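These are my notebook entries on a structure that I went through feature by feature. I began with the charged pairs and then turned to the rest.

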Amino acid sequence: MSKEITSRQQDYSQWYNDLIIKSGLADYSAVRGCMVIKPYGYALWENMRDELDRMFKETGHQNAYFPLFVPKSLFEKEEENAEGFAKECAVVTHYRLKVNPDKKGALMVDPESRLEEELIIRPTSEAIIWNTYKSWIQSYRDLPLLINQWANVVRWEMRTRLFLRTAEFLWQEGHTAHATAEEAVAETKQMLEVYADFAEHYMAMPVIKGVKSANERFAGAVDTYCIEALMQDGKALQAGTSHFLGQNFAKAFDVKFSDKQNKLDYVWATSWGVSTRLIGALVMAHSDDDGLILPPRLAPIQVVIVPIFKGEEQKRLIDEKVVPLMKELKAVGIKVKYDDSDHTRPGWKFAEYELKGVPVRIAVGARDIEKNLVEVARRDTKGKLNMSLDGLAINIEKLLHAIQENIYNKAFSFRETHITNADAWDDFVRLLDEKGGFVSAHWDGTGDTEDRIKEMTKATIRCIPLNNQQEDGNCILTGKPSTQRVLFARAY
RNA sequence: CGGGGCGUAGCGUAGCCCGGUUAUCGCGCCUGCUUUGGGAGCAGGAGGUCGCAAGUUCGAAUCUUGCCGCCCCGACCA
């Protein structure tokens with residue numbers, strides 16, 4: 001065993017780190033808080049990105065790219081947004097280095113190169129984008145403006161975790177402008193649906209759609225909608241957000257349009273984003289102590305074929321079967337890899353591809369070929385069965401669908417059994433401590449109560465679910481009247 | 001930024017308390033042969049600023065001081 005993974009039970013955090021590193025998704029880097037996304041991890045991100053990008057375009061959005069740097073004077077224009085991010089901004093103050101006269105071979109910041117105005121490295125791009133939109137929008141005919149950008153952003157975090165929270169991360173941010181509030185709200189909700197659809201159908205990860213409480217709302221937003229997922233350790237994870245920004249940014253950046261009656265008004269805005277954090281979510285939602293379990297629809301490799309042979313002659317016979325099989329599989333759109341390298345033996349390959357979470361493994365040996373069979377192993381259940389070489393591609397395709405469905409169902413039933421009602425404070429605390437997951441409880445609607453609950457239990461309101469059932473009750477902490485339950489959880 | 005832990009070959013480690021030739025072991029790597037249905041075996045081989053810098057000493061991986069880096073837990077946050 002050359003690649004030991006810490007078990008989830010032993011140390012969940014270490015299990016997560018082991019998985020990321022040993023499966024080859026990412027690596028630590030020489031920069032504190034920043035990671036290297038390795039080819040396998042980046043391939044996974046590309047698959048996620050491509051699907052999302054397609055969905056954005058289907059809903060009428062176009063991609064563009066805005067600068068990494070935001071002049072401080074622009075950044076501070078929308079006050080709430082600026083203050084919300086102030087504590088985690090990297091700031092460029094100089095534009096030049098010079099040879100250090102006191103230390104050979106060393107460079108120093110040239111004190112004479114101080115910028116007249118500091119540049120903020122974007123933690124998000126509302127400021128630079130709304131400053132630009134001002135010149136793009138004059139008339140209702142320019143609306144709606146539906147733009148997305150794929151970019152990196154920097155948030156100077158105290159404590160980082162691979163994929164879940166790094167100082168620099170990759171994401172997409174959609175920024176739209178609309179003529180009416182209704183239209184902007186509809187856009188906000190539409191993108192939330194896109195995210196939920198992606199999470200459930202591609203990541204096989206069930207999510208709860210909801211609205212954030214005021215405390216958890218995006219700085220500068222009127223409403224923040226979110227999708228919340230549940231990880232195997234019972235902690236919640238915000239997987240995506242979609243914000244209705246009202247006219248806050250339009251007012252801060254003076255973006256007005258003339259309507260059909262030639263009346264001037266500020267435009268209505270939205271922004272929405274998901275990041276490489278989704279990879280962390282994917283890992284924690286499905287994987288086990290043997291490695292990753294990737295959903296077939298996103299896996300960089302969906303099927304790996306491992307030949308088992310003694311000598312050149314057998315290898316040649318296997319090749320004769322595998323080459324056409326590869327063609328068949330590719331013809332039905334399956335991403336297949338034939339690992340016929342002779343550097344490692346079959347057993348090593350089995351373990352390695354399990355670690356990497358490849359959904360299906362096909363082993364082909366001389367014995368199988370005599371019987372016109374292959375051994376098919378699925379990663380999610382570890383089950384093995386023999387399948388005929390005839391019509392194999394179709395059966396593998398079916399199997400991939402079944403795996404996609406199975407890991408979704410598994411995650412779904414875990415999630416369903418981890419939403420628990422609490423009506424008494426003691427139960428509330430005990431559920432958080434002992435069971436984890438979402439605790440559904442009444443709340444008096446005040447930020448103060450939410451803060452106190454967070455202080456006492458480390459749990460926050462993850463969201464108020466959309467279409468939430470209305471029922472009379474009493475706040476779990478204060479006993480004040482409440483009309484609905486909200487979801488509490490400890491979160492990443 | 002507080003608490004804890006760690007830094008010795010690509011990875012994981014022994015040695016450190018109690019200073020003393022050539023720094024231990026495993027995995028990985030290279031060569032060759034045998035192997036191949038769950039992380040192969042044998043033989044040979046390469047690979048080291050012991051995190052960095054000062055200090056103590058005849059002599060430092062080991063003792064002292066300072067610094068750096070990373071991981072885990074907390075505060076903060078997506």
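Entry 1, a pair within a helix. I looked up glutamate 320 and found it partly exposed, at a relative accessible area of 48%. I use buried for under 20% relative accessible area, exposed for over 50% and partly exposed for what lies in between, with a 1.4 Å probe and protein chains only. The side chain of glutamate 320 meets that of arginine 316 in a salt bridge, with 2.9 Å from N to O. By salt bridge I mean a side-chain nitrogen of Lys or Arg within 4 Å of a carboxyl oxygen of Asp or Glu. Arginine 316 is also partly exposed, at 42% relative accessibility. Both residues sit in helix H9 (residues 311–331), four residues apart, about one turn of the helix. Elsewhere, Lys212, Glu216, Glu228 and Arg462 are joined into one network by salt bridges that share partners. Helices (H or I, at least four residues) and strands (E, at least two) are DSSP runs, numbered from the N terminus.

I note the ground rules here. The model is predicted, and local features need pLDDT of at least 70, side-chain atom pairs count only at pLDDT 80 or more, and totals for chains, interfaces and linings use all residues. Residues are numbered from 1 along each chain as its sequence is written, chains are lettered from A and ligands numbered from 1 in the order in which they are written, and side-chain values use heavy atoms, with hydrogens and water left out.

Entry 2, other salt bridges. I counted 29 salt bridges by the rule above. One of them pairs arginine 8 with aspartate 289, with the closest N and O atoms 2.8 Å apart. This pair links distant parts of the chain, 281 residues apart: arginine 8 is in the segment before helix H1 (12–22), and aspartate 289 is in the loop between helix H8 (277–286) and strand E17 (303–308). Arginine 8 is partly exposed at 25%, and aspartate 289 is partly exposed at 31%. I also looked at aspartate 254 and lysine 256, whose closest N and O atoms are 3.8 Å apart in their salt bridge. Aspartate 254 has a relative accessible area of 33% and lysine 256 one of 32%.

Entry 3, the RNA. Which residues are closest to RNA strand B? I found Arg159, Arg165, Phe169, Glu354 and Asp368, out of 40 residues that surround the strand. A residue is near a strand if one of its heavy atoms lies within 4 Å of it. Of the atoms of RNA strand B that come within 4 Å of the protein, sugar and phosphate account for 44%. By class, the surface near the strand has 20 charged, 13 nonpolar and seven polar residues. Here Ala, Val, Leu, Ile, Met, Phe, Trp, Tyr, Cys and Pro count as nonpolar, Asp, Glu, Lys and Arg as charged, and the others, Gly among them, as polar.

I then checked backbone atoms against the RNA. A backbone N or O atom of threonine 166 lies 2.9 Å from a base nitrogen of RNA strand B. For tryptophan 348, a backbone N or O atom is 3.0 Å from a base nitrogen of the strand. The elements that give two or more residues to this surface are H1, helix H10 (346–355), strand E19 (360–365) and helix H11 (366–370). H10 gives the most, with seven residues.

Entry 4, backbone geometry. I found a cis peptide bond from leucine 143 to proline 144, with omega near -5°. Proline 144 is in the loop between helix H5 (126–136) and strand E9 (145–154). Phenylalanine 163 has a positive phi of about 65° although it is not a glycine, and it lies in the loop between E9 and strand E10 (168–178). Asparagine 262 has a positive phi near 65° and is not a glycine either; its place is the loop between strand E14 (256–258) and strand E15 (264–266). Are these two residues buried or exposed? Phenylalanine 163 is buried, at 2% relative accessibility, whereas asparagine 262 is exposed, at 61%.

Key:
Polar contact = N/O pair within 3.5 Å; in protein donor to acceptor, adjacent residues only side chain to side chain.
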